[in-house]
Every structure is written in structure tokens, then in C-alpha cells.
Amino acid sequence: MSRAALLFAASLLGSAVLARAEPAAVPAAPPPPLDPAQVLAAFAPGPGREETATACGQCHAPSLITGKHLDSEAWAQLVDQMISRGAPVEDKDYDTIVDYLTRNYGPAKG
């Protein structure tokens, strides 16, 4: 095989390898910050609304919270989990938030 033929075959092989290579993963852009007024408006009125919107709405769309229907124990566990991940819940607001979530987004009445 001539040198030119070998170079041509090598370039074809290289092209085939590159064509099959997976594209480099591009990290996803962080979501835009949520508008606090819109977050607050999405929660049911009542005692604990502001504390809950502040604690949860910094990271989550309100629909993620308002779409759940958990009992008090399950809400407390979820709030504990979020606190362990950095949710800004002050000790004085903990019961207020869990009570608010249970009262407004508790188990569906059937």
C-alpha cells in the first residue's frame, strides 16, 4: 500500500472515530431567581404564609410545594430534610411553617 493510501485510510479512520465521539456535556445554567412577590402570591393566605414562602421559595417553584398533600409528620420530615440541605428556616419559624403546610397542603379530604 502506498504512503498516500495509508494516510488517506488513517484520516478516514480518524474521522469515523471523531464522528462517533460523544459531545462534551455542557453544564446546565442555573435557574433564574424566583420573584419573591410571585412566590408569596402562589401560597394560600394565612398564618405562616410569609415564612413558608421565604424558606421554600428561594429554591423551589411554589407548585412543587403546593402540589403536595402531606400529613404533619411528613411535612416535618420534609422541612427537616430541606434544613439539612441549607433551607433558611429559623428555629422560631419551624412550627409555624409545618403547621401552615399541614393546614393548607395536608392530605386531601376524600
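With which residue does Glu-90 form a salt bridge, and how far apart are the closest N and O atoms? In this predicted model, the partner of Glu-90 is Lys-92, and the closest N and O atoms of the two residues are 4.0 Å apart. A search of the whole structure finds 2 salt bridges, and the other joins Lys-92 to Asp-93, with the closest N and O atoms 3.3 Å apart. Lys-92 thus takes part in a bridge with Glu-90 and in a bridge with Asp-93, and Glu-90, Lys-92 and Asp-93 are accordingly linked in a network of salt bridges. The members of this network stand in differing surroundings, as their relative accessible areas show: Glu-90 is partly exposed, at 47%, Lys-92 is exposed, at 62%, and Asp-93 is buried, at 13%. Asp-93 counts as buried because its relative accessible area of 13% falls under the cut-off of 20%, whereas Lys-92 counts as exposed because its value of 62% is over 50%.

The chain as a whole is built from helices, its secondary structure coming to 6 helices and 0 strands, so that the order of elements from the N terminus on reads α-α-α-α-α-α. Of the 110 residues of the chain, 20% count as buried. Among contacts between residues at least 6 apart in sequence, 60% join residues that are at least 24 apart. Two pairs of residues illustrate how positions separated along the chain are placed in space. Gln-38, which lies in helix H2 (residues 36-42) and is exposed at a relative accessible area of 58%, is 23 residues from Ala-61 in sequence, while the C-alpha atoms of the two residues are 9.8 Å apart. Ala-55, which lies in helix H3, is 33 residues from Pro-88 in sequence, and here the C-alpha to C-alpha distance is 5.4 Å.

Helix H3 can be described further through its buried residues, which are Arg-49, Thr-52, Ala-53, Ala-55, Cys-56 and Gly-57. These buried residues of H3 pack against H2, H4 and H6. Ala-55 has a relative accessibility of 8%, and therefore counts as buried. When residues up to four places away in sequence are not counted, Ala-55 touches Ala-87, Pro-88, Val-89 and Ile-97.

Attention may next be given to the nonpolar interior. In soluble globular proteins, nonpolar side chains tend to be buried together. The largest nonpolar core of this model holds 15 residues, of which Phe-43, Ile-65, Trp-75, Ile-97, Leu-101 and Tyr-105 touch the most other members. Helix H3 (49-57), helix H5 (72-84) and helix H6 (91-105) are the elements that give two or more residues to this core, and the largest share, 5 residues, comes from H6. The contacts of Ile-65 give a closer view of this region: not counting residues up to four places away in sequence, Ile-65 touches Phe-43, Cys-56, His-60, Trp-75, Leu-101 and Tyr-105.

Aromatic residues were also examined in pairs. A pair of aromatic rings is described by the distance of the centres and the angle of the planes. The count comes to 3 aromatic pairs. In one of them, the rings of Tyr-100 and Tyr-105 have their centres 6.0 Å apart and their planes at 70°, so the pair is edge-to-face, since an angle over 60 degrees is counted in that way. Both of these tyrosines are buried, Tyr-100 with a relative accessible area of 0% and Tyr-105 with a relative accessibility of 7%. Together with Phe-43, Tyr-100 and Tyr-105 form one aromatic cluster.

The final feature considered is the largest pocket, which has a volume of about 300 Å³. The pocket is lined by 18 residues, and those closest to its centre are Cys-56, His-60, Leu-78, Met-82 and Ala-87. The elements that give two or more residues to this lining are H3, helix H4 (62-66), H5 and H6, and the largest share of the lining, 5 residues, comes from H5. Some residues named here have appeared above: Cys-56 is among the buried residues of H3, Cys-56 and His-60 are among the residues that Ile-65 touches, and Ala-87 is one of the residues touched by Ala-55.

Notes
Residues are numbered from 1 along each chain as its sequence is written. This is a predicted model: local features need pLDDT of at least 70, side-chain atom pairs count only at pLDDT 80 or more; totals for chains, interfaces and linings use all residues. Side-chain values use heavy atoms; hydrogens and water are left out. A salt bridge is a side-chain nitrogen of Lys or Arg within 4 Å of a carboxyl oxygen of Asp or Glu. Buried means under 20% relative accessible area, exposed over 50%, partly exposed in between (1.4 Å probe, protein chains only). Rings of Phe, Tyr and Trp (its six-membered ring) pair if their centres lie within 6.5 Å; planes under 30 degrees apart count as stacked, over 60 as edge-to-face and the rest as tilted. Helices (H or I, at least four residues) and strands (E, at least two) are DSSP runs, numbered from the N terminus. A nonpolar core is a set of buried Ala, Val, Leu, Ile, Met, Phe, Trp, Tyr and Cys residues joined through side-chain atoms within 4.5 Å. Contact means heavy atoms within 4.5 Å. On a 1 Å grid over the protein atoms alone, a cavity is a set of points where a 1.4 Å probe fits but cannot get out, and a pocket is an open set with protein on both sides within 12 Å along at least five of seven lines; lining residues have an atom within 4 Å of a point. Grid points are joined across faces, edges and corners, and a volume is the space filled by probe spheres set on the points.
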